[in-house]
Amino acid sequence: MPGYAMNYLALAARDVEAVCRFLGDSLELERKDVPLEGRTIPFFGIGKSAVAIFEFDDPYLEEPRFPGVHHMALGTDDPAGTAAKHGLTVAESGIGPDGKRFVSIEKSETVGIRTRFIEPLDIPAADGPAYKIDHLGIATDDNDATVRVFTGNLGCPIDSTQTDVEIRNVTESFISDKYGAVYHARPPEILGGLRDVFITIGDCELEMLMDYDPTLKPKEQLGEEEGNTKGDQSAIAKLVARRGPGLAHVAFATRDIDATLPKLAADGWRMIDVEGRPGGRGSLIGFVHPSNFGGGLLIHFVEPQADGGFAGKKFG
Ligand SMILES: [Fe+2]
């Protein structure tokens, strides 16, 4: 396999119990409690990877600590040697979950994406409504630098690139009772948007999200609205301004998003979307509200184009 595969993804939560109920009960993922320095950390196998749930102030997580996606750990039998081979600076090394050796890479060298190399943990995965990690959303202000690190240096292939913009079209009409109607279409106005690059890492992708045009609108004018492209740019712009570039959200692949989202709502989870809407790569997407987990942790679902997606689906 070219490049590296994700061994686990570390999520930090204010309400670990709620995240475990979400992943274990509602998504039917298999849980394995893994020892770490006298305590145990819940891991949930998914696809060829796993998600590990930490209290947001757990000392295994380097600072600054806040709820959300904390780091990704790439599997390798020789963590320190792998970092050296790629000329990456080790910020910290130690013994992680299940006694595995790990190194953390200086995050300025991975464009703010907190990355570790670790001896692979073996976490069993069950099939269910979420069958793999689809991608990690990364808020960035420099897609090219991210490509240089993960593709140029670490050898992970680019899956695809795309640009998402929200456009307003205005048409004026001049209607006379004698001379008929004249229509005058104004040039389309771009309200907001994102440039995306998808980089393959094992059985999932890194999704770089960068402002379509940072000078287009003052950030404040993008508004607080959720559930559309303009709102997505607003969320990413605010995240970069507040925390700097880095891991922003995790997305799970599901085979039938219009069954999964309502089922989660019926289980009592607060949802931003209860039906799929168009997302990247011809997929349908739908977000879970971060308030379910005490805030800060953003999760969404993806029905990839291969499973149906929005190809052929009509939206009003
Ligand atoms: Fe995403």
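The legends below describe close-up views of a predicted model.

**View 1. The open, mixed sheet of eight strands.** In this predicted model, 8 strands form an open sheet with mixed pairing, and their order across the sheet is β2-β3-β4-β1-β5-β8-β7-β6. The edge strands are β2, covering residues 30–36, and β6, covering residues 90–95, each of which pairs on one side only. Neighbouring strands of the sheet are turned against each other by 25° on average, with direction ignored.

**View 2. The parallel pair β5 and β8.** Strand β5, residues 68–75, runs parallel to strand β8, residues 115–118, and 4 bridges join the two. Within this pair, Leu74 stands opposite Phe117 of β8.

**View 3. The hairpin of β6 and β7.** The edge strand β6 is joined by 5 bridges to strand β7, residues 101–105, and these two strands run antiparallel. Val90 stands opposite Ile105 in β7, while in the stretch of 5 residues between the strands of the hairpin, Asp98 takes a positive phi near 60°.

**View 4. Helix α1 across the sheet.** Helix α1, residues 16–26, lies across β1 (6–13), β2, β3 (39–46) and β4 (49–55), and runs at about 155° to β4.

**View 5. The largest nonpolar core, with Leu9.** This core has 79 residues, and those with the most contacts inside it are Tyr8, Leu9, Leu11, Val51, Ala52, Ile138 and Ile236. Strand β1 gives the most to the core, with 7 residues. Leaving aside residues up to four places away in sequence, Leu9 touches Ser49, Val51, Val69, Met72, Ile133, Leu136 and Val250. In soluble globular proteins, nonpolar side chains tend to be buried together.

How values were computed: Residues numbered from 1 in each chain as written. Predicted model: local features only at pLDDT ≥ 70, side-chain atom pairs only at ≥ 80, totals over all residues. Pairing = 2+ DSSP bridges. Helix = DSSP H or I, 4+ residues; strand = E, 2+ residues; numbered from the N terminus. Axes fitted to C-alpha atoms, helices over the stretch in contact; angles between N-to-C directions. Contact = placed C-beta atoms within 7 Å. Core = buried A, V, L, I, M, F, W, Y, C linked by C-beta atoms within 7 Å. Buried ≥ 20, exposed ≤ 12 C-beta atoms within 10 Å, placed from the backbone.
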